[in-house]
Amino acid sequence: MALPAMPSMPPTPSVPPPPGSSGAPAGLGSPADIHPVLRRAGAAPAALDLLAQARAGLAEAAHLDAPHERYATAHLAALRTAAAVLAVRGRPEQSPRKRARIRSAWEVLPEVAPELGEWSALFAAGAERRARADAGIPAAAGPRDADDLLRAAGMFLRLVERMLLLRPAPAGTVSDT
């Protein structure tokens, strides 16, 4: 029994390369590159989204009047910044024992980015205060505590952006407050 003939597909039109391009496949540079060096990509889309949320959180925190709200919002921005690092560098736990235990980002961060260990300790120390501030307890953080944390979270964000090879927000923006 003979198989039915495949219907012929219309030829795909040849699309010329965009003006100014070399016609080489993306990421390979000009055709003259014999051994192209692939450029290191920035951060993963999830990390970029977390950093954008952190930046927006710092901007929001800078405009809040209540110190406990400013503290909680700045701490959340720092947590999102840490989550961006974990999105780029983090790996699933290999041992079932470690996987079974829930660990905070501040506990995991020094394992995947040892250079951020001191920042992790700083923000981990403020986690309980943030929980009280999130609960709406005005005495959880005073104006100085909130302002100090806001500055620290801004510096942490800029450091992580540089670490992940991103262009940090220009000086004089909200994260410099």
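Which side chain does Arg103 meet in a salt bridge? In this predicted model, the partner is Glu107, and the contact runs over 3.4 Å from N to O. The two residues sit in unlike surroundings: Arg103 is buried, at 15% relative accessibility, whereas Glu107 is partly exposed, at 33%. The contact also belongs to a wider arrangement, for Arg103, Glu107 and Glu111 are joined in a network of salt bridges.

It helps to place this contact among its companions. Side chains of opposite charge can pair when their charged atoms come close. Over the whole structure, a search turns up 10 salt bridges. One of them joins Glu161 to Arg55, with 2.6 Å between N and O. This pair links distant parts of the chain, since Glu161 belongs to helix 7 (residues 143-163) and Arg55 to helix 1 (residues 45-63), with their positions 106 residues apart in sequence. Here the acidic partner is the buried one: Glu161 has a relative accessible area of 1%, and because buried means under 20%, the residue falls well inside that class. Arg55 counts as partly exposed, at 33% relative accessibility.

A more local example comes from helix 7. The side chains of Arg144 and Asp148 form a salt bridge at 3.4 Å, N to O. These residues are four apart in helix 7, which means that about one helical turn separates them. Arg144 counts as exposed, with 64% relative accessibility, while Asp148 is partly exposed, at 31%.

Aromatic contacts come next. Five aromatic pairs are found in a search of the whole structure. In the pair formed by Phe123 and Phe156, the ring centres are 5.1 Å apart and the planes meet at 50°, so the arrangement is classed as tilted. Phe123 lies in helix 5 (residues 117-125) and Phe156 in helix 7, so this pair ties together parts that are 33 residues apart in sequence. How buried or exposed are these two rings' residues? Phe123 is buried, with a relative accessible area of 0%, and Phe156 is likewise buried, at 0%. Ring pairs extend the picture further, linking Trp106, Trp119, Phe123 and Phe156 into a cluster.

Trp106, a member of that cluster, also allows a look at helix 6. Ala127 is found in helix 6 (residues 127-134). From C-alpha to C-alpha, Ala127 and Trp106 are 9.2 Å apart in space, with a sequence separation of 21 residues. Ala127 counts as partly exposed, at 30% relative accessibility.

Finally, there is the matter of empty space. Rolling a probe the size of a water molecule over the atoms shows where such space is left. The largest pocket holds about 210 Å³. Its lining is made up of 11 residues, and those nearest the pocket centre are Leu86, Gly90, Arg91, Val108 and Val112. Two elements, helix 2 (67-89) and helix 4 (105-112), each give two or more residues to this lining. Which element gives the most to the lining of the largest pocket? That is helix 4, with four residues. By chemical character, the lining of the largest pocket divides into five nonpolar, two polar and four charged residues.

Technical notes
Residues numbered from 1 in each chain as written. Predicted model: local features only at pLDDT ≥ 70, side-chain atom pairs only at ≥ 80, totals over all residues. Heavy atoms only, no water. 1 Å grid on protein atoms, 1.4 Å probe; cavity = no way out; pocket = protein on both sides within 12 Å on 5 of 7 lines; lining within 4 Å. Points joined across faces, edges and corners; volume = space filled by probe spheres on them. Nonpolar A, V, L, I, M, F, W, Y, C, P; charged D, E, K, R; others polar. Salt bridge = Lys/Arg side-chain N within 4 Å of Asp/Glu carboxyl O. Buried < 20%, exposed > 50% of the residue type's maximum accessible area, 1.4 Å probe, protein only. Phe/Tyr/Trp six-rings, centres within 6.5 Å; stacked < 30°, edge-to-face > 60°.
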